[in-house]
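Here is a short set of exercises to work through with the model open beside you. Try each task before you read its solution.

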Amino acid sequence: MMSDHGIYSRERLLIPISNPDILVKRTCFIELDVYAKREVAVLYPDDVPDIKSTHVSNRISSEESNKKVLDSLKRSMQVDSETAQYYWSVSNGDPRAALAEFSADLQWGRQVGHS
């Protein structure tokens, strides 16, 4: 805590979540964190971002963040854009659920003899 990297020297603290259920019915903002040098999903108290934050200008539009998630799903599933979009839509925008649904479909295909 005595170094330049202590919690007190940061503008905010990033805490990974262990239970994704806390995200249900919450609004996440995709932001570029200048310290982590990557995009992070940020939850604000009462789902309202702090307008005084220096990170406000780094917020990514919903359309752009959806495209990034879809691109990530496409790469993870190794499928075309339309297939990624399908699983994204049937999972109500939940990437984990989309991947789980895709995996279940692959497993079913293998069981019935499709490859």
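**Exercise 1. Find how many salt bridges a search of the whole structure gives, and place the residues involved.**

Solution. This is a predicted model, and a search through the whole of it turns up one salt bridge.
- Step 1: the partners are aspartate 71 and lysine 67, whose side chains meet at 3.0 Å, N to O.
- Step 2: both residues belong to helix α1, and they sit four residues apart, about one turn of the helix.
- Step 3: a general point helps here. An α-helix has 3.6 residues a turn, so residues three or four places apart point the same way.
- Step 4: check the surroundings. Aspartate 71 counts as partly exposed, because its relative accessibility is 27%, and the partly exposed range runs from 20% to 50%.

**Exercise 2. Work out the order of the secondary structure elements from the N terminus on.**

Solution. Start with the inventory: the chain has three helices and two strands. Reading from the N terminus, the order is β-β-α-α-α. For a sense of the whole chain, buried residues make up 19% of its 115 residues.

**Exercise 3. Decide which residues of helix α2 are buried, and explain how they are arranged around the axis.**

Solution.
- Step 1: α2 spans residues 81-90, and Ala84, Tyr87 and Trp88 are buried there.
- Step 2: these residues lie on the same side of α2, because they cover an arc of only 105 degrees around the axis.
- Step 3: look at the N-terminal end of α2, which aspartate 80 caps. One of the side-chain oxygens of aspartate 80 is 3.2 Å from the backbone nitrogen of glutamate 82.

**Exercise 4. List the residues of the largest nonpolar core and say which helices supply at least two of them.**

Solution.
- Step 1: the core has nine residues, namely Leu70, Leu73, Met77, Val79, Ala84, Tyr87, Trp88, Ala98 and Phe102.
- Step 2: at least two residues come from each of α1 (62-77), α2 and α3 (95-111).
- Step 3: zoom in on leucine 73, which lies in helix α1 and is buried, with a relative accessible area of 3%. In sequence leucine 73 is eleven residues from alanine 84, while their C-alpha atoms are 6.0 Å apart.
- Step 4: leave out residues up to four places away in sequence, and leucine 73 touches Gln78, Ala84, Trp88, Pro95, Ala98 and Leu99.
- Step 5: do the same for tryptophan 88. Beyond its neighbours within four places, its contacts are Asn66, Val69, Leu70, Leu73, Gly93, Asp94, Pro95 and Ala98.

**Exercise 5. Find the aromatic pairs and classify their geometry.**

Solution. The count comes to two pairs.
- Step 1: tyrosine 86 and tyrosine 87 have ring centres 5.0 Å apart and planes at 80 degrees, an edge-to-face pair. The angle settles the class, because planes over 60 degrees apart count as edge-to-face.
- Step 2: compare accessibility. Tyrosine 86 is partly exposed at 46%, whereas tyrosine 87 is buried at 8%.
- Step 3: the rings of tyrosine 87 and phenylalanine 102 are also edge-to-face, with centres 5.3 Å apart and planes at 80 degrees.
- Step 4: tyrosine 87 is in helix α2 and phenylalanine 102 in helix α3, so this pair ties together parts 15 residues apart in sequence.
- Step 5: put the pairs together, and Tyr86, Tyr87 and Phe102 form a cluster linked by ring pairs.

**Exercise 6. Locate glutamine 78, serine 91 and asparagine 92 in their loops, and describe each one.**

Solution.
- Step 1: glutamine 78 lies in the loop between α1 and α2. Although not a glycine, glutamine 78 has a positive phi of about 55 degrees. Glutamine 78 is exposed, with a relative accessible area of 71%.
- Step 2: serine 91 is in the loop between α2 and α3, yet serine 91 is buried, at 10%. A polar atom of the serine 91 side chain lies 3.0 Å from the backbone oxygen of tryptophan 88.
- Step 3: asparagine 92 is also found in the loop between α2 and α3. Asparagine 92 has a positive phi near 55 degrees and counts as exposed at 74% relative accessibility.
- Step 4: for background, most residues other than glycine have a negative phi.

Notes. Residues numbered from 1 in each chain as written. Predicted model: local features only at pLDDT ≥ 70, side-chain atom pairs only at ≥ 80, totals over all residues. Heavy atoms only, no water. Buried < 20%, exposed > 50% of the residue type's maximum accessible area, 1.4 Å probe, protein only. Arc of directions from axis to C-beta. Polar contact = N/O pair within 3.5 Å; in protein donor to acceptor, adjacent residues only side chain to side chain. Core = buried A, V, L, I, M, F, W, Y, C linked by side-chain atoms within 4.5 Å. Contact = heavy atoms within 4.5 Å. Salt bridge = Lys/Arg side-chain N within 4 Å of Asp/Glu carboxyl O. Phe/Tyr/Trp six-rings, centres within 6.5 Å; stacked < 30°, edge-to-face > 60°.
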